[in-house]
Amino acid sequence: QVQLVESGGGLVQPGGSLRLSCAASGSISSIRAMGWYRQAPGKQRELVAVIPGGGTIYYADSVKGRFTISRDNAKNTMYLQMNSLKPEDTAVYYCNLKTGWTVVREYWGQGTQVTVSS
């Protein structure tokens, strides 16, 4: 059983910063990718950033240069450092984990609210 727990969301003014964390627990092996998604009210869930098991880190164009994704393998924790936040970054942010190669399993966290407003 794999569990993902996000934390670090909150209310921040435009131009401010937040750091989200995603702690993974359970039987985790063959990580295909870990990433962050977000969903704003009335919009579809979208990919923000992803660290593949091998390969280049990907960022959505809308967050490039402002957000940084990282992972601490020893702690089984992933982070999303968000700087220069804009009101359009307001959304529920979800942690996502994909494992396996021939059979892919996908896990989601419960989400954490990020609100950027003055």
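The torsion about the S-S bond of Cys22 and Cys95 is about -70°, so the disulfide between them is left-handed. The model is a predicted one, and the structure holds one disulfide. In this bond the two sulfur atoms, those of Cys22 and Cys95, are 1.9 Å apart. Cys22 belongs to strand β3, residues 18-25, and Cys95 to strand β9, residues 91-99, so the pair ties together parts that lie 73 residues apart in sequence.

Both cysteines can be placed by their accessibility. Buried means under 20% relative accessible area. Cys22 has a relative accessibility of 0% and therefore counts as buried. Cys95 is likewise buried, its relative accessible area being 0%.

Strand β3 leads from the disulfide to a sheet. This is an open sheet of four strands in the order β1-β3-β8-β7, and the pairing is antiparallel. The edges are taken by β1, residues 3-7, and by β7; each has a single partner strand, so one side of each is left without a neighbour in the sheet. On average, neighbouring strands of this sheet are turned by 15° against each other, with direction ignored. In a regular strand, side chains alternate between the two faces of the sheet.

The pairings can be followed across the sheet. Between β3 and β8 there are six bridges, and the two strands pair in the antiparallel sense. Leu18 stands opposite Met82 of β8. On the β7 side, six bridges join β7, residues 67-72, to β8, residues 77-82, and these strands also run antiparallel. Here Met82 in β8 is the bridge partner of Phe67. Met82 thus appears in both pairings, opposite Leu18 and as the partner of Phe67. Strands β7 and β8 form a hairpin with four residues between the strands, and in this hairpin Asn76 takes a positive phi near 55°.

At the other edge of the sheet, the chain continues past β1. Gly8 sits in the loop between β1 and β2, the latter covering residues 10-12. With a relative accessibility of 35%, Gly8 counts as partly exposed, because that class lies between the limits of 20% and 50%. Leaving aside residues up to four places away in sequence, Gly8 touches Leu18, Arg19, Leu20 and Thr112. Leu18, one of these contacts, is the residue that stands opposite Met82 in β8. Trp101 is 93 residues away from Gly8 along the chain, and the C-alpha atoms of the two are separated by 31 Å.

Definitions and conventions:
Residues are numbered from 1 along each chain as its sequence is written. This is a predicted model: local features need pLDDT of at least 70, side-chain atom pairs count only at pLDDT 80 or more; totals for chains, interfaces and linings use all residues. Side-chain values use heavy atoms; hydrogens and water are left out. A disulfide is a pair of cysteine sulfur atoms within 2.5 Å. Buried means under 20% relative accessible area, exposed over 50%, partly exposed in between (1.4 Å probe, protein chains only). Two strands pair if DSSP finds at least two bridges between them. Axes are lines fitted to C-alpha atoms, for helices over the stretch in contact, and angles run from 0 to 180 degrees between N-to-C directions. Contact means heavy atoms within 4.5 Å.
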